[in-house]
Amino acid sequence: MITKTKLVKRIFSSLLTAALAVPMTALTAHATGEAFFYPPKNPVMTDQQFEVSVTFSADSEIGSVQANIAYDDSVIEFVSSDNASGGGGVLTVNGFPDTPSSEVDFSFTFKGLSAGNANISLQSCQIYSPDSELIGSPTAYCVITVGSDKVETKTETETTTTTEKTTTTKTAPSNGIPDKGVLTALTVDNGELSPAFAYNVYNYTVNVDNSVTNVEIEGTTASPSDYIWYTGTSECQVGENVRTITVTDVDGNTATYTVTIIRAAGGDEQQTQTVQKKDSSDTSSAVSKNANVMDQYKKMLNTALAIVLIVLVIALVVIIIWIRGKIKGGKKDK
C-alpha cells in the first residue's frame with residue numbers, strides 16, 4: 001500500500017510540474033531591435049559643425065546599447081558626444097535610457113573638413129534588456145555631403161549701351177535637367193530599377209532573388225553643393241525593403257526618391273509581389289495591429305492551457321480516489 005501511494009504522488013507531482021511549465025515555454029517570444037540615423041536636413045559646409053542623431057528602438061524595454069560607429073575622417077571630424085568616445089574614424093557608443101523606455105536617442109557632433117561624401121555606419125551594435133539579455137543587433141548608415149562653398153553657375157553678357165558687365169544665374173542646363181536639388185543618376189548593385197531612372201520620377205521598384213541579401217544604392221546629385229542622405233539599411237529581408245534618398249540644394253529645397261526592394265521568398269526566386277505605397281501612418285497601424293493579434297493569441301493560449309491544467313488535476317484526483325477505493329476493497333475482502 002505504501003508503494004502504491006508513493007507512486008501516485010510521484011506521478012501527480014511530475015504531471016503538475018509539466019503542466020505548469022507549458023505556459024512559460026509556449027509564451028516565450030523573441031524581441032527585436034532597430035536603429036535609424038537622422039543627419040541634418042540642410043547642406044553642410046567645411047568648418048561647419050553639425051549634429052547626427054541615432055534612434056535605437058525595440059519591442060521591449062531597453063536596458064543598454066553598445067555599438068561602434070564608423071565614419072570617413074577625411075571628410076568630417078568628430079567633435080563631441082555624451083554617449084560616445086573615440087576618433088580617427090571610429091566611435092565607441094555605450095549608453096542607456098534615462099527613464100524606462102523601448103526607445104533611446106544619442107546625438108553626435110561633427111565638423112566638415114573637406115568637400116566630399118562621408119559614410120557614417122553603425123557596426124557591432126547590441127541592444128540589451130534591463131536583464132542583460134540581447135534584444136537585437138541592428139545595422140544602419142547615412143551619407144553626409146560636405147560642400148566647400150555655395151556654388152552658382154553664371155554667364156556673362158555685355159550691354160550695347162555701356163561697357164559694364166551684368167551677371168545672370170543659370171537655373172537649368174540646355175538638356176532640361178535642373179542644375180541642383182535633384183539626382184542625375186541612381187544605381188543599384190543588384191536587380192534593376194523599374195521604371196528606368198529619370199530625375200523627375202521619385203518612386204522605383206527593384207525585384208531580387210531570395211539569394212540576394214544585400215543591395216547597395218548610389219545616387220549622383222546635379223550639383224557638388226547638393227546635400228544627399230539615405231534612410232534604411234542595405235541588408236534585405238524577405239518581402240519589401242524601403243529605402244529613401246533625399247537631395248537638398250543650397251536654398252533648402254528638397255527632393256526625395258523612394259526605392260522599394262522586394263526580395264523573393266525562399267524556394268521561389270521568380271516570385272514577385274505587389275508594391276503598395278505606405279506612409280509612416282500605415283506602418284504604425286500595421287505594427288499596432290500585429291501587437292493586438294499577439295495579445296489575443298496569448299490570451300487564448302493561456303485560457304487553453306488553464307483548461308488543460310484543470311482537466312489534468314481532475315483526472316489525477318479521480319485516479320487517486322479509484323486507487324484508494326481499490327485498496328479499501330482489498331482490505332475488506334481480506
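Hi everyone, this is a short walk through one protein model, from its overall make-up to its confidence and one surface patch.

Please keep in mind that the model is predicted. Let's begin with the overall picture. The protein is built with 19 strands and 2 helices. It runs to 334 residues, and 31% of them count as buried. If you take the contacts with a separation of 6 or more, 64% are between residues 24 or more positions apart. For the surface people here, the accessible area adds up to about 20400 Å², and carbon and sulfur atoms hold 52% of that.

Now, on to confidence. The average pLDDT for the protein is 78, with 72% of the residues scoring at least 70. Which elements have the lowest and the highest mean pLDDT? The lowest is strand β13, residues 165-169, with a mean of 32, and the highest is strand β15, residues 203-208, with a mean of 96.

Two stretches deserve a mention as well. Over residues 21-30, pLDDT stays under 50, and the model gives that stretch 8 contacts beyond four places in sequence. Residues 268-278 also stay under 50 in pLDDT, and there the model has 19 contacts beyond four places in sequence.

Last, have a look at helix α2, which spans residues 280-333 and contains I310. Which residues join I310 in a nonpolar patch on the surface? They are I314 and V318, and the three together have about 290 Å² of accessible area.

That's my tour, thanks for listening!

Terms used
Residues numbered from 1 in each chain as written. Predicted model: local features only at pLDDT ≥ 70, side-chain atom pairs only at ≥ 80, totals over all residues. Heavy atoms only, no water. Helix = DSSP H or I, 4+ residues; strand = E, 2+ residues; numbered from the N terminus. Buried < 20%, exposed > 50% of the residue type's maximum accessible area, 1.4 Å probe, protein only. Contact = heavy atoms within 4.5 Å. Areas by Shrake-Rupley, 256 points an atom, 1.4 Å probe, with all protein chains shown as cover. pLDDT = per-residue confidence, 0-100. Patch = residues over 30% accessible without salt bridge, like charges linked within 9 Å, V, L, I, M, F, W, Y side chains within 5 Å. Salt bridge = Lys/Arg side-chain N within 4 Å of Asp/Glu carboxyl O.
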